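Please describe this protein model in a short formal report for a reader who has not met it before. The report should cover confidence, overall make-up, helix contacts and sheets.

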Amino acid sequence: MKPHAICFFVSALLAISFVGPSYAQDALPVNAAASVNGVIISNDAVEQGIQAALSQGQKDSPDLRKAVLGKMIEISLLSQQAERDGLANSDRANSQLALIRQNYLADLELSTYMSRNPVSDADVQAEYNREIATLGSQGMIVEYKVSDIAVATEADALAALARIKKGESFDKVAKSVSLAPNKVQGGAVGWVQAGQTLPQIATVLIGLSKGQISPAPIQMPQGWYLIKLEDKKFSKPPTYEQAKAAIRNGLMQKKQFEFLSQLRQGANIVVR
């Protein structure tokens, strides 16, 4: 799970919320980018907005910086008007501001945790070596082109399998009975590696030949599945340089998942 990028509007809103005291329009402090009715928008706040925009794929330029500052001025004008209109202490405002603060703090906590528990180059190299070792003597990556049918009960899965054995195509049955969103594509999943699937699927998948369907329904946490191996291909694994960015991202996601799991275990969570 990648740390959430805070949208520009939220970044700007938070930045303006903590800009500090008001000044006369003609007496701006050194770090001020602008003043709106005496309320300062700092250079640091503008930089936060620019970084948020860059994280969304925009390119840094004088026009972008001008646009960011202009947007912050507009937000400051609107927020000041909201104060004058008595909206600042409304239930709706308090609820939304609390949510913005919560999301920001969650993002900050994840970022802080990762800075204190970084993924090292040695971690990435070790994971690459481990993945290469799992490829076996041929050292090739095996990818499987898969389609599936997901139903609620074993009886439904057996009925679907019986239809296929009588001659109906897998994709026709998938469109007819599958509960998964990919039913409209005839159950097509695409290319996957066995390690990217749950063990119940992987165990069956690696034993199938091209065109073969799982001989029996597969029980999963969310229901019962039939799978079909449409095709299989082999490819050379990427070099360490080619793979290290993806591996690092995967290890970061794993660290974050483990951190969140620890928090869940120590929390009292009640869901209605």
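The report below moves from the whole chain to its parts.

**Basis and confidence**

This is a predicted model, in which local features need pLDDT of at least 70, side-chain atom pairs count only at pLDDT 80 or more, and totals for chains, interfaces and linings use all residues. Residues are numbered from 1 along each chain as its sequence is written, and side-chain values use heavy atoms, with hydrogens and water left out. The pLDDT, the predictor's confidence in each residue on a scale from 0 to 100, has a mean of 87 over the chain, and 89% of the residues reach 70 or more. Over residues 1-21, however, the pLDDT is below 50. In the model this stretch has 44 contacts beyond near neighbours in sequence, a contact being heavy atoms within 4.5 Å.

**Overall make-up**

The chain holds nine helices and six strands. These elements are DSSP runs numbered from the N terminus, helices being H or I of at least four residues and strands E of at least two. Of the 272 residues, 31% count as buried; buried means under 20% relative accessible area, exposed over 50%, and partly exposed in between, with a 1.4 Å probe and protein chains only. Among contacts in the chain with a separation of 6 or more, 63% come from residues 24 or more positions apart.

**Helices α2 and α3**

Helix α2 (residues 43-55) and helix α3 (residues 62-84) have axes that come within 9 Å and cross at roughly 120°. Axes are lines fitted to C-alpha atoms, for helices over the stretch in contact, and angles run from 0 to 180 degrees between N-to-C directions. On the α2 side, the residues that meet α3 include Ile50, Ala53 and Leu54, and their counterparts in α3 include Val68, Leu69 and Met72. The residues of this contact divide into nine nonpolar, one polar and two charged. Here Ala, Val, Leu, Ile, Met, Phe, Trp, Tyr, Cys and Pro count as nonpolar, Asp, Glu, Lys and Arg as charged, and the others, Gly among them, as polar.

Ala67 also lies in helix α3. Ala67 is partly exposed, with a relative accessible area of 46%. Its C-alpha atom is separated by 9.3 Å from that of Ile50, and the two residues are 17 residues apart along the chain.

**The hairpin of β1 and β2**

Strand β1 (residues 32-36) is mostly covered, with four of its five residues buried. β1 pairs with strand β2 (residues 39-42) in the antiparallel sense over four bridges; two strands pair if DSSP finds at least two bridges between them. Ser35 stands opposite Ile40 in β2. Two residues lie between the strands of this hairpin, where Asn37 takes a positive phi near 55°.

**The four-stranded sheet**

An open sheet of four strands follows the order β4-β3-β6-β5, with antiparallel pairing. β4 (188-192) and β5 (218-220) stand at the edges, each with a single partner strand, so one side of each is left without a neighbour in the sheet. On average, neighbouring strands of this sheet are turned by 40° against each other, direction ignored.

Strand β3 (residues 141-151) is mostly covered, nine of its eleven residues being buried. Four bridges link β3 to β4 in the antiparallel sense, and eleven bridges join β3 to β6, again antiparallel. The table lists opposed residues from these pairings.

| Residue in β3 | Opposite residue | Partner strand |
|---|---|---|
| Lys145 | Trp191 | β4 |
| Val146 | Gly190 | β4 |
| Ile149 | Leu226 | β6 |

In a regular strand the side chains alternate between the two faces of the sheet.

Two helices lie across β3 and β6. Helix α6 (residues 154-165) runs at about 50° to β6 (223-235) where it lies across these strands. Helix α7 (residues 170-177) also lies across β3 and β6, running at about 45° to β3.

**The loop before β3**

Leu135 is placed in the loop between α5 (121-133) and β3. Leu135 is partly exposed, with a relative accessible area of 24%. Leaving aside neighbours within four places in sequence, Leu135 is in contact with Met140, Ile141 and Pro237. Leu135 and Pro237 are 102 residues apart in sequence and 8.8 Å apart in space, C-alpha to C-alpha.
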